[in-house]
Amino acid sequence: MSEILKELQALQPADHDAGEVFSGKKSKRTVRGFASASSFTPEPSPEYLFHDSSRDAVVWFMDSSDPLYVFGPAGSGKTSLIKQLAAKLNYPVFDITGHGRLEFPDMVGHLTVEDSNMSFQYGPLALAMKFGGLFLLNEIDLLDPATAAGLNGILDGDPLCIPENGGEVIKPHPLFRFAATANTNGTSDETGLYQGTLRQNLAFMDRFWLCEIGYPKPKDERELLHRKASRLPKEVRTKMVEYANEVRKLFMGEADGNYRDTIEVTFSTRTLIRWADLTVRFQPLARQGIQPVTYALDRALGYRATPETRTVLHELAQRFFPQENKE
C-alpha cells in the first residue's frame, strides 16, 4: 500500500488545451488534469466511440460543479465514456460497483494487519478525495437508498472524516471528481429489464448533474467496423450493425413485428466488434458448410442467453443473413 500512496502523492496537476484533448484541435480553453498517467489511469482505447451525448461529460470535466450521474441502457458505454475521458486527462480512476450489501466503509477503507501492525487501508473514495482523481460508483441504482444517502455530505463538498484512522479528516482535493453510472435515472425500473435496481432518495438524486447515454449512431458503428474488420464485405458489416440495433430494440421492448417480448441480452459496441472479429477468424468454417457469421454470433453473444432467447437471436439472424440450403 505504501508504494501506491507514494505514486499518488507524486501526481502533479496540469492544464491541458481542451480542444486538443477532446477533439484534436487546439482551442483557447483549458481543462485541468494531471501531467502524466498513473497506474490508476485507464488505458486509452481507440475502439471507443464518443457519441453525441459525451459532450455533456466533456463539459462536466472542464468545469465540474456537481457530481455526474450517467444513465442509459446496458452496453451503451457509460463506464467506458467516463474512463476514456479520464484517460485523456491522465486522471486516476478509483471505481467500485454498487450492490445491495455495499456499505459506506467499503468505499472509505478499513483497518488491516500489515507487518504485524494494525494500519488503515484507504478505499477508493478516500484515495480519490485525498490525492485527486475520479471516484466512479458503477451501478449506483443497486445501492440501498439509506447507504446512498450517506454520501450526501461528500456530494455537497464536505470533508471526509475517518474515525478508524485516528479521526483523520480529508478535505476534497481540487481535482476530486465524483461520477456514477446506472441503468435507470434513479426512479426505479418499470420495464423489468434491470432486476435489483432501487428507487433512490429524491434529495440524494437532486445533488447530481444527469447525463443520458444511448447507443451509438449506426454510421459511427459502421465506421468502427470498417476500421476493425475491414476484411468483411461492406454489406456484411452494414447488416451486422442493423442486426445489433434490432437486438437492442428487443432488449428494450421496442421491437416491431413478430417479436413482442423483451430479451435479457443485448449488444454493446464491444460485443459488436467481437462478433465481427470472430466472423473473420471463423471464415474457414464456410468450407465445411458452417455459416461463420451465425457461428461467431453464439461465441460473441448467444451463449450468454437463455435457450429461448438464443433461438430468437438465430431466427433474427436468418432474416439478416439468410443461408441457402444445399442438398
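Trainee: What makes lysine 239 and glutamate 242 about one helical turn apart?
Mentor: They're three residues apart in helix 11 (residues 234–251), so about one helical turn separates them. A helix here is a DSSP run of H or I with at least four residues, a strand is a run of E with at least two, and both are numbered from the N terminus. Keep in mind that this is a predicted model, where local features need pLDDT of at least 70 and side-chain atom pairs count only at pLDDT 80 or more, while totals for chains, interfaces and linings use all residues. Residues are numbered from 1 along each chain as its sequence is written, and side-chain values use heavy atoms, leaving out hydrogens and water.

Trainee: Why is the link between lysine 239 and glutamate 242 called a salt bridge?
Mentor: The rule asks for a side-chain nitrogen of Lys or Arg within 4 Å of a carboxyl oxygen of Asp or Glu. Here the closest N and O atoms are 3.7 Å apart, so the pair passes.

Trainee: How do you know whether lysine 239 is buried or exposed?
Mentor: Buried means under 20% relative accessible area, exposed over 50%, and partly exposed in between (1.4 Å probe, protein chains only). Lysine 239 comes out at 35%, so it's partly exposed.

Trainee: And what is aspartate 15 called, buried or exposed?
Mentor: Exposed, because its relative accessibility is 52%. Aspartate 15 forms a salt bridge with arginine 32, with 3.0 Å between the closest N and O atoms. That pair links distant parts of the chain, 17 residues apart: arginine 32 sits in strand 2 (residues 30–34) and aspartate 15 in strand 1 (residues 13–17). Arginine 32, at 37%, is partly exposed.

Trainee: What does the salt bridge between aspartate 95 and lysine 83 tie together?
Mentor: Aspartate 95 is in strand 4 (residues 93–97) and lysine 83 in helix 4 (residues 78–88), so the pair joins parts 12 residues apart in sequence. Their closest N and O atoms are 3.0 Å apart.

Trainee: How many salt bridges does the structure hold?
Mentor: There are 10.

Trainee: Why is proline 292 called buried?
Mentor: Its relative accessible area is 9%, so it counts as buried. Proline 292 belongs to helix 13 (residues 292–300). Leaving out residues up to four places away in sequence, proline 292 touches Thr279, Phe282, Gln283 and Ala286; touching, or contact, means heavy atoms within 4.5 Å.
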